[in-house]
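Hi everyone, thanks for making time for this. I'd like to walk you through one structure, so please get it up on your screens and follow along.

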Amino acid sequence: MRGRVLIWVVLGVALAVMTAAAILVALSFAKPAGIPANVIRIALPSGAAQIGLPRIDGPADASRPLVVIDAGHGGHDPGASGQRGQREKAITLTLALALRDALLADGRVRVALTRDNDRFLALEERSGIARRLKADLFLSIHADASESPDATGATVYTLSDRGSDAIADAVARRENKADTVNGVELGGKSDSVTAILVSLSQREMRERSKAFAALVLREGQGKVRFHTDPEREAAFVVLKSLDLPSALIEAGYISSPDDASALANPGWRKDFAGAVASAIEIYLARTNVASALP
Ligand SMILES: [Zn+2]
């Protein structure tokens, strides 16, 4: 009898191993060409290897505040597409690099980029980099697209449990899709887990994030053309799991001819970067003063 049980156990283990191997083989065939190897690593459950941390630029003084700038999309995820073949992932990278350069030129804060090349990162890896670096501010940069040619201008988003309106919800859903590859949810969490993540401390962070968003609008006046409703709240995954102040800027609509030519113009990008850099520096100076108070 014991022998027979043992045989069943051995057969069971063998079947489990064979099933796992078959799934692995199927997954490797399902992976389209061009997806970097780290996609597989991302899909692993908790305990998977973390991606390396990016370089920190700027003042060597580690007590200086740190901002992490996230160029949206990248790698096999192109983001939105413009009429003239522009891809959001390329626009976000040029804007992120311009913003980094503006901040480094001022020399007041330290800067790290989640990516400085065309690579894919899962949404939670982006915020994860900021958390692991103990950043003081996280800013994700995107460029929107709309079927309406009238949609123009930049919008600053901060986290909300629910979008402030239906349009904000739709934008969040579109951006959040980047975390689903081949039907496998890479970084998403269930609504109940998300609800837990949005804790009391995050409410405080939301207030700080909104203060930063207001500064972006103030510093951008006359330099950045904003959407008619430029400050919104939406449920972006990239902002959701954070316990640090964070915002997402849709710098403009690549579906709009005017916005698309502005985004492609290095002069406009410099103005945009200068305005956002001022907002970052003012925000971090205020926060540092506040946290130094008893
Ligand atoms: Zn985007």
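Let's start with a small puzzle: which residue just after H3 takes a positive phi? Have a look at the end of that helix. It's Gly107, with a phi of about 75°. One thing to keep in mind throughout is that this is a predicted model.

Okay, now the helix itself. H3 covers residues 88-106, which makes 19 residues. From its first C-alpha to its last it reaches 27 Å, close to the 27 Å expected at 1.5 Å a residue. Quite a few of its residues are buried, including Ile91, Leu95, Leu99 and Leu103. And don't expect just greasy ones on that list: Glu88, Lys89 and Arg100 are among the buried residues too.

So what does H3 lie across? The answer is E1, E2, E3 and strand E8, residues 246-253. Relative to E3, the helix runs at about 140°.

That brings us to the sheet. It's an open one with six strands, and the pairing is mixed. If you read across it, the order goes E2-E1-E3-E8-E4-E7. At the edges sit E2 and E7, the latter being residues 226-234, and each of these pairs on one side only. From one strand to the next, the twist averages 20°.

Let's zoom in on E1, residues 66-71. Is this strand enclosed or open? Six of its six residues are buried, so E1 is largely enclosed by the rest of the structure. Leu66, Val68 and Asp70 point one way, while Val67, Ile69 and Ala71 point the other.

E1 has two partners I want to show you. With E2, residues 110-113, the pairing is parallel and runs over four bridges; there you'll find Val67 opposite Val111. The chain gets from E1 to E2 by crossing through H3, and that β-α-β crossover is right-handed. With E3, residues 137-144, E1 also pairs in the parallel sense, over five bridges, and here Ile69 stands opposite Leu139.

Now for two loop residues that make a nice pair. His73 is in the loop between E1 and H3, and it has a positive phi of about 65° although it isn't a glycine. Lys134, in the loop between helix H4 (123-132) and E3, isn't a glycine either, and its phi is about 55°. Buried or exposed, then? His73 has 26 C-beta neighbours inside 10 Å, so it counts as buried. Lys134 has 10 other C-beta atoms within 10 Å, so that one is exposed.

Last stop, the largest nonpolar core. Which of its 68 residues touch the most other members? Those are Val67, Leu99, Leu137, Phe236 and Ile280. You've met two of them already: Val67 is in E1, and Leu99 is one of the buried residues of H3. The largest share of the core, 10 residues, comes from helix H10, residues 266-292.

Try clicking on Leu137 before we finish. Leaving out residues up to four places away in sequence, it touches Val67, Phe212, Leu244, Pro245, Ile280, Tyr283 and Leu284. That's my tour, thanks for listening!

Key. Residues numbered from 1 in each chain as written. Predicted model: local features only at pLDDT ≥ 70, side-chain atom pairs only at ≥ 80, totals over all residues. Expected span 1.5 Å × (residues − 1). Buried ≥ 20, exposed ≤ 12 C-beta atoms within 10 Å, placed from the backbone. Pairing = 2+ DSSP bridges. Right-handed = clockwise from strand over helix to strand, strands pointing away. Axes fitted to C-alpha atoms, helices over the stretch in contact; angles between N-to-C directions. Contact = placed C-beta atoms within 7 Å. Core = buried A, V, L, I, M, F, W, Y, C linked by C-beta atoms within 7 Å.
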